[in-house]
Amino acid sequence: MKIFIFFSITLTCVFFGNGSNANPLPYEAIFNFGDSISDTGNADKTHPPFPSNSPYGSTYFKHPAGRLSDGRLIIDFIAEAYGLPFLPAYLNLTKDQDIKKGVNFAFAGATALDFEYFIKNGVDKPATDKSLSIQLGWFKTIKPSICKSKEECDGFFKKSLFLVGEIGGNDIIAHLSYRNVTGLRELVPPMVEAITNAIITLIEEGAVELAVPGNFPIGCISGVLTLVNITQKDDYDQFGCLTSYNTFIEYYNGQLKQAIETLRQKHPQVKIMYFDYYNDAKRLFQAPQQYGFSSDKNEIIKACCGASGTYNVNVYIPCGSPSTTVCPDPSKVINWDGAHFTEAAYKQIAKGLVEGPFVNPSLKSPPFKIA
């Protein structure tokens, strides 16, 4: 189990100008919190670097770029759509670096629950202690560098977007060996509480527009399919996904949405959006050809970069190891390395958020299309 968690995390340039004062951008800054789904270099700062010929980053950056995918992540596409640079990772910030357009606090392997929770409950410790609460602490640390007074902070954050997640996937993965899918439901209340507390903290710090993603259909993720290794065919849907694990995520997302609605009622002056990662991603598995992916259902569920096995995943041999291979065209598949998606999949998910129906309520209209 520890090996899989390690495998799941071991793995700047400006795209558009900031516009003129006459045509201000919808969001002047983005502040992001989460795990490897949105980490743009924090974990990379604290781990041995990937070799230059690593397949990570190969599609877009042509070299490893602190991201656990072959290219850009959802957060990168969102930043591009709103005319902002790729978010700098907090741990990579230099002394005089401009942070007025946003910062990324996400850390690969991070959990919604604090490190102590896993120790107390006798579960294998997460690969990192950089949980959501630690990331909030980082934000508070640099806040004085962004704005000096309450009035200045309120004015600045009124024009900023805060993304709280996705986070929680690593909490679930850490418990897969200890609980069946029914037992995983015990995790939901403390996870939702941790995310709720983070939202409240950011509101108290001045955030007025926040986006909170739910979780992905983990029953379709090749690493999870490999770990649980269920052999009964009836446990899978027509797309090759584990029904019970996707049902669990539906339950978790439902509880998270209820908590968000409660927060909306308590803080009517704040806009809290729900990012529907579950249905945004699930549609790709249900109709892959419609979004440019392979029509082969057996291939679409496999990891592009991996070693062997039914899903091309070996938790002891992570993507990039000498004995692993990379599929001929990552743009034709959804799963990248068993724990993360390809740039092509993240692009479609981002389009579903920025331009499509998978946000409630909607984001501000973006000045640029995701292409």
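A cavity here is a set of grid points where a 1.4 Å probe fits but cannot get out. In this predicted model, the second largest cavity holds about 40 Å³ of space. Its walls come from Asn32, Ile37, Ser38, Ile74, Ile75, Leu163, Gly165 and Tyr277. Sorted by type, that lining is 5 nonpolar and 3 polar residues, with no charged ones.

Two of the lining residues, Ile74 and Ile75, also sit in helix 3, where they are buried. Helix 3 spans residues 74–81 and is mostly covered, with 8 of its 8 residues buried. Besides the two isoleucines, the buried set takes in Asp76, Phe77, Ile78, Ala79, Glu80 and Ala81. The cover over these residues includes strand 1 (29–33), strand 2 (102–104) and strand 3 (160–164). Strand 5, helix 11 and helix 13 (343–354) are also part of that cover. Just past the end of helix 3, glycine 83 takes a positive phi of about 70 degrees.

Helix 3 also brings a charged residue into the picture. Glutamate 80 pairs with arginine 72 in a salt bridge, and their closest N and O atoms are 3.3 Å apart. Glutamate 80 counts as buried because its relative accessibility is 7%. Arginine 72 is likewise buried, because its relative accessibility is 9%. The pair is part of a salt-bridge network that links Arg72, Glu80 and Glu343.

Across the model, the salt bridges number 13. One of them joins glutamate 205 to lysine 143, with the closest N and O atoms 2.7 Å apart. This pair ties together distant parts of the chain: glutamate 205 is in helix 8 (residues 188–205) and lysine 143 is in helix 5 (residues 132–146), 62 residues apart. Both glutamate 205 and lysine 143 are buried.

Another salt bridge runs between lysine 271 and glutamate 209, where the closest N and O atoms are 3.7 Å apart. Here too the partners come from distant parts of the chain, with lysine 271 in strand 5 (residues 271–275) and glutamate 209 in strand 4 (residues 209–213), 62 residues apart. As for burial, lysine 271 has a relative accessible area of 26%, so it is partly exposed. Glutamate 209 has a relative accessible area of 7%, so it is buried.

Lysine 282 goes without such a partner. This residue belongs to helix 11 (residues 277–286), and it is buried yet has no salt bridge. The nearest side chain of opposite charge is that of glutamate 250, 4.1 Å away. A salt bridge requires the nitrogen and the carboxyl oxygen to be within 4 Å, so this pair does not count as one. Setting aside neighbours within four places in sequence, lysine 282 is in contact with Pro217, Asn246 and Glu250.

Turning to open space, the largest pocket contains about 370 Å³. A total of 19 residues line the largest pocket, and Tyr236, Gly240, Ile301, Thr310 and Tyr311 lie nearest its centre. The elements that give two or more residues to this lining are helix 9 (222–228) and helix 12 (297–300). By type, the lining of the largest pocket breaks down into 7 nonpolar, 9 polar and 3 charged residues.

A few spots in the backbone also stand out for their geometry. The peptide bond from glycine 165 to glutamate 166 is cis, with omega near 15 degrees. Glutamate 166 falls in the loop between strand 3 and helix 7 (169–175), while Gly165 is one of the residues lining the second largest cavity. A cis peptide bond also runs from asparagine 360 to proline 361, with omega near -10 degrees. Proline 361 is placed in the segment after strand 8 (359–360).

Positive phi values turn up in residues other than glycine as well. Lysine 62 has a positive phi of about 70 degrees, and it lies in the loop between helix 2 (42–46) and helix 3. Its relative accessibility is 61%, so lysine 62 counts as exposed. Asparagine 229 has a phi near 50 degrees and lies in the loop between helix 9 and helix 10 (243–266). With a relative accessibility of 56%, asparagine 229 therefore counts as exposed.

Technical notes
Residues are numbered from 1 along each chain as its sequence is written. This is a predicted model: local features need pLDDT of at least 70, side-chain atom pairs count only at pLDDT 80 or more; totals for chains, interfaces and linings use all residues. Side-chain values use heavy atoms; hydrogens and water are left out. Helices (H or I, at least four residues) and strands (E, at least two) are DSSP runs, numbered from the N terminus. Buried means under 20% relative accessible area, exposed over 50%, partly exposed in between (1.4 Å probe, protein chains only). Lys and Arg count as positive and Asp and Glu as negative; His and the chain ends are not counted. Contact means heavy atoms within 4.5 Å. On a 1 Å grid over the protein atoms alone, a cavity is a set of points where a 1.4 Å probe fits but cannot get out, and a pocket is an open set with protein on both sides within 12 Å along at least five of seven lines; lining residues have an atom within 4 Å of a point. Grid points are joined across faces, edges and corners, and a volume is the space filled by probe spheres set on the points. Ala, Val, Leu, Ile, Met, Phe, Trp, Tyr, Cys and Pro count as nonpolar, Asp, Glu, Lys and Arg as charged, and the others, Gly among them, as polar.
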